[in-house]
Amino acid sequence: MDQIPINKVGDFLLVSLQVDMDDHQALLLQNDLTNQVVKTHAKGVLIDVSSVDIVDSFIGRMLGNMASITRVLGANSVVVGMQPAVAITIVELGLSLATIQTALNVDKGMALLQALVNKATNEGRYERLEK
Amino acid sequence: MNALKSETLPLCTDQDVLRIRQTVRTWMIEQTFNMIEQTMMVTASSELARNVVVHGGGGSARLELLADSGRQGVRVTFEDKGPGIADIEQALADGYTTGVGLGMGLGGAKRLVNDFEIGSEVGKGTRVTITKWK
């Protein structure tokens with residue numbers, strides 16, 4: 001069973017989920033990603049799901065967990081590239097995925113992460129000025 | 001209703017859940033279901049297959065190709081000899097969870113298919129049948 005690769009792109013991590021990911025691999029990835037965020041001091045995580053052909057409640061929960069865990073560690077996560085049929089099925093299934101930020105593709109996701117990082121940096125600056 | 005073709009697969013491990021997803025996908029493509037119909041059937045199958053493995057202590061899935069008054073359908077029957085479900089109505093309600101998913105498993109799977117049948121006896125096991133028609 002192959003480990004899902006996590007690549008560093010600038011200040012961000014890029015994870016491309018694969019077509020046939022079983023539950024065990026999904027859990028391993030969750031742990032791997034958590035460790036990599038800490039190790040690389042990543043400011044954001046892009047989760048590319050363009051090759052994923054289904055998101056059921058387990059995978060949905062895993063995506064939500066990854067977003068929550070990385071946020072606690074100071075990195076925003078953005079899920080990108082969801083296939084239309086998967087999006088329709090998720091809504092019909094009843095998954096809200098409300099905690100997950102999404103973008104249409106990797107480029108837009110990267111831009112969103114950069115905007116979030118800039119916003120956080122600016123807010124930090126204002127806080128210092130106020131003091 | 002005649003089954004034109006059938007196949008039974010074991011459901012004991014994560015890998016078996018994956019194989020069910022792949023096999024259901026192949027059958028749906030063969031019957032020229034569109035991408036959304038395929039995805040809904042595969043997602044429902046994944047939910048139910050995981051239930052068999054995680055809660056039912058393993059079991060099987062039987063795929064059947066059906067022909068009924070001019071229409072064709074793919075039916076999958078999930079069966080386990082696990083603890084069974086005491087309150088089926090509660091188990092079908094959104095938000096019901098025993099901890100592995102988001103509580104959308106059974107009720108969600110039901111919404112993704114055309115026909116959904118469930119039978120369960122405490123101490124004996126559970127059988128869920130889903131069908132997608134075209």
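Where is the place of B:Ser46? B:Ser46 sits in helix α2 of chain B. The views below come from a predicted model.

**View 1. B:Ser46 reaches A:Asp56 from helix α2 of chain B.** The side chains of B:Ser46 and A:Asp56 make a polar contact at 2.5 Å. B:Ser46 has 0% relative accessibility, so it counts as buried. Which residues is B:Ser46 in contact with, leaving aside its neighbours within four places in sequence? They are A:Ile54 and A:Asp56 from chain A, with B:Val17 and B:Arg21 from chain B. Two of these names return in a charged network: A:Asp56 and B:Arg21 are joined there with A:Asp23 and B:Arg50.

**View 2. The interface of chain B and chain A.** Together the two chains bury about 2100 Å². Of that area, 57% is on carbon and sulfur atoms. Chain B gives 25 residues to the contact and chain A gives 24 residues. How many residue pairs are in polar contact across the interface? The count is 11, with both residues of each pair at pLDDT 80 or more. Elements giving two or more residues to the chain B side are α1 (14-30), α2 and α4. Helix α2(B) supplies the largest share, 9 residues. By type, the chain B side divides into 10 nonpolar, 9 polar and 6 charged residues.

**View 3. Salt bridges between chain B and chain A.** There are 4 salt bridges between the two chains. In one of them, the side chains of A:Asp23 and B:Arg50 meet at 2.5 Å, N to O. Shared partners extend the picture: A:Asp23, A:Asp56, B:Arg21 and B:Arg50 form one network of salt bridges. Side chains of opposite charge can pair when their charged atoms come close.

**View 4. Helix α4 of chain B is largely enclosed by the rest of the structure.** The helix spans residues 105-112. Why is α4 of chain B described as largely enclosed? The reason is that 6 of its 8 residues are buried. These are B:Gly105, B:Leu106, B:Gly107, B:Gly108, B:Ala109 and B:Leu112. Both chains supply packing partners for the buried residues. From chain A come α2 (57-72) and α3 (84-93). From chain B come α2 (35-54), α3 (88-92), β4 (115-121) and β5 (125-133).

**View 5. The largest nonpolar core has 61 residues.** Which residues have the most contacts inside the core? They are A:Leu17, A:Leu63, B:Leu11, B:Val76, B:Phe78 and B:Ile130. Helix α2(B) gives the largest share of this core, 8 residues. Nonpolar side chains tend to be buried together in soluble globular proteins. Apart from this core lies another, of 8 residues. Its members include A:Phe12, A:Leu14, A:Val80 and A:Ala103.

**View 6. The surroundings of A:Leu63.** A:Leu63 is among the residues with the most contacts inside the largest nonpolar core. Not counting residues up to four places away in sequence, A:Leu63 touches A:Leu17, A:Ile47 and A:Val49, and also A:Val55, A:Val79 and A:Ile100. One of these partners, A:Leu17, is likewise listed among the residues with the most contacts in the core.

**View 7. B:Glu30 pairs with B:Lys5.** The two side chains meet in a salt bridge at 2.9 Å, N to O. What does the pair tie together? B:Glu30 lies in helix α1 of chain B and B:Lys5 in strand β1 (residues 2-11), so the salt bridge links parts that are 25 residues apart in sequence. B:Glu30 is partly exposed, at 46% relative accessibility. B:Lys5 is partly exposed too, at 32%.

**View 8. B:Arg19 and B:Asp16 pair within helix α1 of chain B.** Their closest N and O atoms are 3.2 Å apart. The two residues are 3 residues apart, about one turn of the helix. An α-helix has 3.6 residues a turn, so residues three or four places apart point the same way. Is B:Asp16 buried or exposed? B:Asp16 is buried, with a relative accessible area of 8%. B:Arg19 is partly exposed, at 35%.

**View 9. B:Arg71 and B:Asp68 form a salt bridge.** The distance is 3.5 Å, N to O. B:Arg71 counts as partly exposed, at 35% relative accessibility. B:Asp68 is partly exposed as well, with 24%. Over all chains the count comes to 13 salt bridges.

Note on methods. Residues are numbered from 1 along each chain as its sequence is written. Chains are lettered from A and ligands numbered from 1 in the order in which they are written. This is a predicted model: local features need pLDDT of at least 70, side-chain atom pairs count only at pLDDT 80 or more; totals for chains, interfaces and linings use all residues. Side-chain values use heavy atoms; hydrogens and water are left out. Buried means under 20% relative accessible area, exposed over 50%, partly exposed in between (1.4 Å probe, protein chains only). Helices (H or I, at least four residues) and strands (E, at least two) are DSSP runs, numbered from the N terminus. Contact means heavy atoms within 4.5 Å. A nonpolar core is a set of buried Ala, Val, Leu, Ile, Met, Phe, Trp, Tyr and Cys residues joined through side-chain atoms within 4.5 Å. Buried area is the accessible area (1.4 Å probe) that two parts lose on being put together, summed over both. A polar contact is a pair of N or O atoms within 3.5 Å; within protein, one must be able to donate a hydrogen and the other to accept it, and residues adjacent in sequence count only if both atoms are side-chain atoms. Ala, Val, Leu, Ile, Met, Phe, Trp, Tyr, Cys and Pro count as nonpolar, Asp, Glu, Lys and Arg as charged, and the others, Gly among them, as polar.
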